[in-house]
Structures are given as structure tokens and as C-alpha cells.
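User: Please examine the model displayed below and answer a series of questions about its strands, helices and backbone.

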Amino acid sequence: MLPFKLIYSDEYYLPIGAHVFPAEKYRRIHQRLLETGVAEPTDFAKPKPASDQDILLVHTPQYVQKLKTGTLSAREELEMEVPYSPELVDAFWLAAGGSILAADFALNDRAAFNIGGGFHHAFPDHGEGFCMIHDVAVAIRRMQRDDKITRAMTVDCDVHHGNGTAAIFAGTRVPTSPLPSNGPATLPAAPAKLRSAHAGDVFTISLHQEHNYPAWKPPSSIDVDLPDEIGDDDYLAWLDNALSSGLRQFEPELLCYIAGADPYKEDQLGGLCLTMEGLKRRDELVFRVAKARDIPVMVTFAGGYARRVEDTVEIHCNTVIAAKQIFAKK
Ligand SMILES: [Zn+2]
């Protein structure tokens with residue numbers, strides 16, 4: 001039995017037809033975790049859809065109304081890059097409910113996974129880049145509303161910048177002291193750039209390929225703009241640096257890890273060069289840091305567009321295996 005819960009439903013499948021987003025990945029991850037003995041049926045918990053009130057903690061009433069009545073404009077649907085349907089709305093409400101449940105379990109068990117979610121390109125008033133509803137932001141706001149936490153941190157390792165996350169939580173920023181100048185002794189040689197802004201009650205970290213979608217990257221609390229084709233060691237050094245910097249400035253009560261599979265070297269929408277092994281080390285680093293500081297961690301999966309869907313599925317399963325290894329140790 002795993003030392004944490006995996007939140008999953010067959011209804012996570014996104015009804016978007018033939019699409020670069022492999023909507024079947026959730027079912028395949030579930031199946032593979034069971035077949036390989038990583039998880040047992042009792043490790044899984046079923047989510048309920050988020051309520052409209054939950055969604056409205058992040059999204060505007062006008063946008064929610066458009067989604068519920070099927071009245072998005074053609075331009076809004078185009079920007080979302082997934083075909084609108086009432087069934088798709090249901091799938092996103094369910095994914096948000098899954099992230100709420102995962103956050104709740106994480107606060108009790110120190111870790112939990114939503115085997116879905118991570119829709120970090122959704123903004124309060126519109127969807128973008130395959131993302132309709134920002135499930136992670138909804139989960140954070142719900143935990144805050146229920147007085148379970150006051151401060152959360154997002155650690156976004158999807159290859160694409162977490163623009164929705166940055167925009168949603170930018171409004172809550174208050175001035176804090178700037179980054180200390182004494183970074184880690186072993187800064188990587190690759191010419192990545194680290195930008196920092198101020199944090200309020202949610203501190204946002206995004207490590208992403210600079211020359212990739214989205215063109216406009218609103219500032220996160222820490223943005224690491226990575227050059228094309230960066231490899232495992234440089235990536236891990238930057239992640240380590242960003243986590244250390246963030247946790248020097250901010251003490252979260254919940255860490256939301258957005259574990260995109262698309263920094264992988266074989267990804268069709270990514271231009272970084274991480275190996276399968278490097279991605280596993282990335283996961284281990286995040287979990288080790290969270291465990292050492294006793295910060296509950298909630299995981300969502302976000303993107304993954306490897307040429308072979310099996311690779312995307314394997315990368316996501318490896319994230320569960322990494323957590324199993326780290327959190328099983330006393
Ligand atoms: Zn992505």
C-alpha cells in the first residue's frame with residue numbers, strides 16, 4: 001500500500017477527439033500503476049466534481065456562465081485550443097474536484113496525487129493552451145477558504161510557463177525582501193535566467209523553456225527562463241536553486257507540484273533535453289525538499305506530448321514511484 005492517496009476517475013478522459021494532448025493518458029497511467037504493482041486498487045480515491053462556488057473562487061462569474069451555457073465566442077474557443085462541449089466542462093470540473101481532494105489528502109498524509117489536473121494555462125476569465133479551469137488554483141483557494149492553510153507554493157516543472165498561475169496569484173502580491181544574492185555555490189554554466197518578483201499568500205515558481213508557448217509570460221514569484229535543449233544536470237541545478245531561493249523567502253503550508261512530462265527530450269511540444277532518468281531525479285528532488293521541511297505536497301500532472309504516449313505514461317508513473325520511495329522512508 002502507498003503512503004499516500006492517488007485521486008483518479010475514468011471520467012478524467014478529455015473528450016477532445018484526435019488531438020496532440022493524449023486524453024487517454026490518465027486511464028493508461030491508472031492501468032500501468034496497477035499492472036506494475038506500484039499501486040493497489042485501495043490506493044485510489046474517487047473525486048467529486050468541484051462545485052460552482054469552488055470554481056468561482058478563481059474564475060469570473062462571466063466566464064463560468066459562458067462555460068455552463070456554451071456561449072464562448074469563436075475566438076475564446078480557439079484560444080482554449082480544445083473543442084468546447086458540455087462533457088468537456090464536466091471533465092474540467094471533475095479535475096478541479098480531484099485537485100481539491102488531493103490537497104485535502106496531502107494536508108493529512110503529507111503527500112497526495114491527482115492523476116490528472118495541472119491546467120496551469122487557465123486564467124480567471126478565459127481558457128488557454130488546452131486548459132479551461134485552473135484546478136490547482138481552485139484547490140489552493142478552497143483550502144484557504146476552509147482555513148486549512150494560509151500560504152501555498154506552486155512549483156511548476158512543466159516545460160511551458162505557468163502563465164495562468166502567475167496571473168491568478170499576482171493580484172495577491174505584497175512587497176517582500178528581494179532574493180538574497182548568495183545563491184548555491186554550484187550555479188550551472190548554461191545561460192538560463194532567474195527572475196524574481198514579490199509574493200503574497202501564494203508563491204509561484206515556474207521553470208520553463210523561455211522560447212516556447214506562451215509568448216506572454218506574466219511574472220511568477222520566481223521564473224527560471226531556460227535555454228533550448230538544456231539537459232538533466234543543468235536543469236536540476238536550476239530547480240535546486242529556485243527551490244532554495246523560494247523557501248528562503250517563503251514558508252508554505254502546502255506545496256503544489258505541477259509535474260509536467262514535457263521537459264522530456266522526445267516531447268513534440270517541448271525543446272528541452274531531459275532524459276527519463278533526469279525527470280525522475282527532478283521528482284525526487286522536489287519530494288526530498290518537501291519532506292525535509294515537512295511541507296505537504298500535492299501533485300498534478302499537466303502536459304506531456306512525447307512521440308510515444310507510453311513514454312508520457314511512464315514519466316508520470318515514475319513520479320508516483322519517486323514519491324513512494326521518498327515518503328516510504330521513515
Ligand atoms: Zn506543457
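User: How many of the eleven residues of α6 are buried?

Analyst: This is a predicted model, in which local features need pLDDT of at least 70 and side-chain atom pairs count only at pLDDT 80 or more, while totals for chains, interfaces and linings use all residues. Residues are numbered from 1 along each chain as its sequence is written, and side-chain values use heavy atoms, with hydrogens and water left out. Helices (H or I, at least four residues) and strands (E, at least two) are DSSP runs, numbered from the N terminus; buried means under 20% relative accessible area, exposed over 50%, and partly exposed in between (1.4 Å probe, protein chains only). The buried residues of α6 include V136, V138 and I140, and the helix is mostly covered, the buried count being nine.

User: Which residue follows α6 with a positive phi?

Analyst: Most residues other than glycine have a negative phi. The residue in question lies in the loop between α6 and β4 and counts as exposed, at 69% relative accessibility. Its phi is near 60°, and the residue is D147.

User: Why is strand β8 described as largely enclosed by the rest of the structure?

Analyst: Strand β8 covers residues 254-258. L254, C256 and I258 point one way from the strand, whereas L255 and Y257 point the other way, and all are buried. Strand β8 is largely enclosed because the number of its five residues that are buried is five.

User: Which residue is the bridge partner of A152 in β8?

Analyst: Two strands pair if DSSP finds at least two bridges between them. Strand β4 (residues 152-156) and β8 run parallel and are joined by five bridges. Within β8, the partner of A152 is L254.

User: Which residue in β9 stands opposite I258?

Analyst: β8 and β9 run parallel, joined by four bridges. I258 belongs to the group of β8 side chains that also has L254 and C256. Opposite I258 in β9 stands T300.

User: Which residue of β3 is the bridge partner of L6?

Analyst: Strand β1 (residues 5-7) pairs with β3 in the parallel sense over three bridges. A111 and F113 point one way from β3 (residues 111-114), and A112 and N114 the other way, all of them buried. The partner of L6 is F113.

User: Which residue in β9 does A111 stand opposite?

Analyst: β3 also pairs with β9 (residues 297-300), in the parallel sense and over three bridges. The position opposite A111 is V297.

User: What is the distance in space between H120 and A166, C-alpha to C-alpha?

Analyst: H120 lies in the loop between β3 and α6 and is buried, with a relative accessible area of 2%. Contact means heavy atoms within 4.5 Å, and, not counting residues up to four places away in sequence, H120 touches residues including D156, D158, H160 and I258. H120 and A166 are 46 residues apart in sequence, and their separation in space is 8.9 Å.

User: What is the end-to-end reach of helix α5, from its first C-alpha to its last?

Analyst: The expected span of a helix is 1.5 Å times one less than its number of residues. Helix α5 (residues 86-109) has 24 residues, for which 34 Å is expected. Just after α5, R110 takes a positive phi of about 80°. The reach of α5 is close to the expected value, at 34 Å.

User: At what angle do helices α9 and α10 pack?

Analyst: Axes are lines fitted to C-alpha atoms, for helices over the stretch in contact, and angles run from 0 to 180 degrees between N-to-C directions. The axes of α9 (residues 276-292) and α10 (residues 309-328) are 9 Å apart. Among the residues that meet are L279 and F287 in α9 and I315 and A322 in α10. The packing angle is about 35°.

User: Which residue in the loop between α9 and β9 has a positive phi?

Analyst: The residue is exposed, with a relative accessible area of 52%. Its phi is about 60°, although it is not a glycine. The residue in this loop is D294.

User: Which residues does the cis peptide bond join?

Analyst: Most peptide bonds are trans. The cis bond has an omega of about -5°, and one of its residues, P214, is placed in the loop between β6 and β7. The bond joins Y213 and P214.
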